[in-house]
Amino acid sequence: YSFTGTIKEINDNRAIVYAKLGVGEGNVFVNLSVNSDETFQVGDEVKVGYDVTIRESSPAKINTLSVELVDQ
């Protein structure tokens, strides 16, 4: 599973990404430490890979498997 979104906020190795997930859209916590080769910044568009689990919270929480920059 994956989605693309825009980084709104970064705090240590965690980011809040605004994304469209399935039928809805909103903010998702993303663990950036799964890609230590990349430097992420607020405003970057990213593609996030995750397992099937989306925990309903505000923002939503996922098990991040991969994060990469989307070429713009």
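Student: How far apart are the mean positions of the positive and negative charges of the protein chain?

Tutor: The model is a predicted one. In the protein chain, 6 positive and 11 negative charges are counted. The distance between the mean positions of these two sets is 8 Å.

Student: What pattern of secondary structure does the protein chain follow along the sequence?

Tutor: The protein chain has 0 helices and 5 strands. Read in sequence order, its pattern is therefore written with strands, as β-β-β-β-β.

Student: Which value of the radius of gyration shows how compact the protein chain is?

Tutor: For 72 residues the globule rule gives 11 Å, and the protein chain comes close to that value, so it is as compact as a globular protein of that length. The radius of gyration of the protein chain is 11 Å.

Student: Is Asp-12 buried or exposed?

Tutor: Asp-12 lies in the loop between strand E1 (2–11) and strand E2 (14–21). Its phi is near 60°, a positive value in a residue other than glycine. Exposed means a relative accessible area over 50%. Because the relative accessible area of Asp-12 is 71%, this residue is exposed.

Student: Which residue does a cis peptide bond join to Ser-58?

Tutor: The residue in question lies in the loop between strand E4 (45–55) and strand E5 (60–69). Omega of the cis bond is about -5°. The partner of Ser-58 in this bond is Pro-59.

Student: What percentage of the exposed area of the protein chain do carbon and sulfur atoms supply?

Tutor: The protein chain exposes about 4,700 Å². Of this area, the part supplied by carbon and sulfur atoms is 42%.

Terms used. Residues are numbered from 1 along each chain as its sequence is written. This is a predicted model: local features need pLDDT of at least 70, side-chain atom pairs count only at pLDDT 80 or more; totals for chains, interfaces and linings use all residues. Side-chain values use heavy atoms; hydrogens and water are left out. Helices (H or I, at least four residues) and strands (E, at least two) are DSSP runs, numbered from the N terminus. The radius of gyration is taken over C-alpha atoms; the globule rule is 2.2 Å times the number of residues to the power 0.38. Accessible areas come from the Shrake-Rupley method with a 1.4 Å probe; for residues, only the protein chains shown count as cover. Lys and Arg count as positive and Asp and Glu as negative; His and the chain ends are not counted. The place of a charge is taken as NZ of Lys, CZ of Arg, CG of Asp or CD of Glu. Buried means under 20% relative accessible area, exposed over 50%, partly exposed in between (1.4 Å probe, protein chains only).
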